Amino acid sequence: MPVAQAAKVRDSLTVLPKVRREARTWRKAATSYRTAADTAQAAYVRQVAATANVQLALREETIEATRYEVSAKKWKGKAQRRGFWSWLG
């Protein structure tokens with residue numbers, strides 16, 4: 001093996017552990033980022049579901065309030081008619 005090639009091999013062997021450490025660090029960082037992204041995505045999905053549930057509850061509450069108002073107006077009308085007829089009588 002020529003001296004120049006042996007020197008390249010020796011340099012490669014001395015640098016190889018550093019490269020492996022850096023690759024391991026990058027792999028760990030990528031795994032951490034992936035985990036964080038998955039967690040954020042799950043939280044987003046839960047938030048969207050919660051928002052949809054709140055909107056549904058508000059819509060149902062609005063419908064119920066409208067029904068109550070209609071019923072109250074009906075009973076108020078009946079009470080006013082009774083009052084009028086009582087006043088006449």
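Here are a few short exercises, with worked solutions, on the predicted model shown above.

**Exercise 1.** Work out what the protein is built from, and whether it is spread out or a compact globule.

*Solution.* Start by counting elements: there is 1 helix, and there are 0 strands. Next, take the radius of gyration, which is 38 Å, and set it beside the 12 Å that the globule rule gives for 89 residues. The value is well over the rule, so the protein is more spread out than a compact globule. Finally, check the C-alpha trace: along its principal axes it spans about 125 × 15 × 10 Å.

**Exercise 2.** Find out what share of the residues is buried, and what the accessible surface comes to.

*Solution.* Buried means under 20% relative accessible area. Of the 89 residues, 1% are buried. Now for the surface: it adds up to about 8400 Å², and carbon and sulfur atoms account for 62% of that.

**Exercise 3.** Is Leu13 buried or exposed, and which patch does it belong to?

*Solution.* First, locate it: Leu13 lies in helix H1, which covers residues 3–88. Then look at the cut-off: exposed means over 50%. Leu13 has 55% relative accessibility, so it counts as exposed. Last, look at its partners: Leu13 forms a nonpolar surface patch with Met1, Val9 and Leu16, and together they have about 410 Å² of accessible area.

**Exercise 4.** How many aromatic pairs are there, and what sits over the ring of Trp75?

*Solution.* Searching the whole structure for aromatic pairs turns up 0. For Trp75, look at Lys78: its charged end sits over the Trp75 ring, 4.4 Å from the ring's centre.

Key. Residues are numbered from 1 along each chain as its sequence is written. This is a predicted model: local features need pLDDT of at least 70, side-chain atom pairs count only at pLDDT 80 or more; totals for chains, interfaces and linings use all residues. Side-chain values use heavy atoms; hydrogens and water are left out. Rings of Phe, Tyr and Trp (its six-membered ring) pair if their centres lie within 6.5 Å; planes under 30 degrees apart count as stacked, over 60 as edge-to-face and the rest as tilted. A charge sits over a ring if NZ of Lys or CZ of Arg is within 6 Å of the ring centre and within 35 degrees of the ring normal. Patches are made of residues with over 30% relative accessible area and no salt bridge: like charges are joined within 9 Å, nonpolar side chains (Val, Leu, Ile, Met, Phe, Trp, Tyr) within 5 Å. Accessible areas come from the Shrake-Rupley method with a 1.4 Å probe; for residues, only the protein chains shown count as cover. A salt bridge is a side-chain nitrogen of Lys or Arg within 4 Å of a carboxyl oxygen of Asp or Glu. Helices (H or I, at least four residues) and strands (E, at least two) are DSSP runs, numbered from the N terminus. Buried means under 20% relative accessible area, exposed over 50%, partly exposed in between (1.4 Å probe, protein chains only). The radius of gyration is taken over C-alpha atoms; the globule rule is 2.2 Å times the number of residues to the power 0.38.
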